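Trainee: Could you take me slowly through one small part of this model and explain how its charged side chains are placed?

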Amino acid sequence: MTRGIPGTKIIKLEVKKEVVWALLIGLTVGGLIAILAIRLPVLLEKKSIPVKNVKQEMQTPTMTLIPKNEFNITSPIDNSILDNKKVEISGTSEPLIPIVLESSSDFNIIESDQNGTFSETISLEEGANEIFITSVDSSGNTQSSKLLLFYTQEKL
Amino acid sequence: MKKIILIIIIALTFVYPVSAKDATISGSISPTSASLELIDKLKQIEIFKDKIATKVSQKRDADKKAYYGIVEKIADNKIDLKAADGSKKLSFEEDTIFYSLSNNSKKEIKSSALTPGILISAFGYLNDNKETLLAKYIYLHDEKPSRIIGKIADLNKTDFTITVKAKEGDQTIDIEKLTKTSLFEKGRALSKVGFTRFKLGDLAFILGLKNEKQANRYSAQRIIIFEMKNLTPTVNAEITK
């Protein structure tokens, strides 16, 4: 005999097997449709990848060979207007050779590295600054580049 | 059987709408999505404003210019300038500031100091047709020294002069009391040296002022000597001004 709380009635619910199965089937089918609705746009996007892009991805990268002994100033560009008294001059030359950087007020001598690159700062004066960058090879041959750089403390 | 079909339909009705709502952006406008759309629009406006500001700044930077050269002519606040890369035109206004750069000092001066033959650099913006620089600042420079590179071909220890084989021919260099001389030896630090260390065949980097009385003669301000024992006779010497 089942005992309940005094003053309360116990109601027994009888659910038929068919009803339970119907509920299960309904929930499962509904769930599947819902999942399909979520996934469908993603699946469609995946299928629509253009063939051209795939081809582009498969292309092998091209390599640009830089001549080893080319004397070149990479930064800054000629006629630059600068607001900093010090400027870093960068470039390429033959590896491990002296590079002379000259302005009318300052000069520096550095050596290019094993890859032939160099970088050094030089001081500027207000107004126009002609900067001469010269490489000197082991035979004493020189190659020069000239940069005209403008520096002002004033706000333009 | 009717009951079962009814239950299936009810179950489908409950499950599908709940899941489908998560999958797609609902067409119905809820307060949350409306505010999100507003935020998105505001963000887009901000991005658009930034883009405009960048474009304006880029355009202004592109018009920012500086010229350097010798004044050829001045008339009605307009200057014709002879620059290394051709003639330039610039103009100045009442608010243009003029500076004199002499003996390492900067001094504000009047526009009347500007005369033909003076070396100047001017900073400003190009006008609309990009032909004239509207100068904001004009600097009056002293004469700039010349730069000479070449192999030492002769040493005169009495007159304290050296002759350098430059690209443009032999150049006579006067060594003054104030001339700063340095020696570069590979693998060593740059050292200050006297005239006695100069040797025939050394490579010299010279900065000097032109002698007004004698052509191909300079008064040296600075000399850097490259001591290289294996110098070939054909050095690519040059002179640049």
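Mentor: Let us begin with D63(B), which is buried because its relative accessible area is 12%, under the 20% that serves as the cut-off. Please keep in mind that this is a predicted model. D63(B) forms a salt bridge with K130(B), and the closest N and O atoms of the two are 2.5 Å apart. D63(B) belongs to helix α2 (residues 31-63) of chain B, whereas K130(B) sits in the loop between β5 (119-126) and β6 (132-141) of chain B, so the salt bridge ties together parts that are 67 residues apart in sequence. The partner is placed otherwise with respect to the surface, since K130(B) is partly exposed, with a relative accessible area of 43%.

A second pair in chain B can be read in a similar way, for the side chains of R217(B) and D174(B) meet in a salt bridge at 2.7 Å, N to O. This pair links distant parts of the chain, with R217(B) in strand β13 and D174(B) in strand β9 (residues 169-174), 43 residues apart. D174(B) is buried, its relative accessible area being 12%.

Strand β13 of chain B (residues 217-226) also holds R222(B), which pairs across the chains with E102(A) in strand β4 (residues 98-102) of chain A. The closest N and O atoms of this salt bridge are 3.6 Å apart. E102(A) is buried at a relative accessible area of 1%, and R222(B) is buried at 8%. Together with R147(B), E102(A) and R222(B) are linked in a network of salt bridges. Over all chains, the count of salt bridges comes to 13.

How values were computed
Residues are numbered from 1 along each chain as its sequence is written. Chains are lettered from A and ligands numbered from 1 in the order in which they are written. This is a predicted model: local features need pLDDT of at least 70, side-chain atom pairs count only at pLDDT 80 or more; totals for chains, interfaces and linings use all residues. Side-chain values use heavy atoms; hydrogens and water are left out. A salt bridge is a side-chain nitrogen of Lys or Arg within 4 Å of a carboxyl oxygen of Asp or Glu. Helices (H or I, at least four residues) and strands (E, at least two) are DSSP runs, numbered from the N terminus. Buried means under 20% relative accessible area, exposed over 50%, partly exposed in between (1.4 Å probe, protein chains only).
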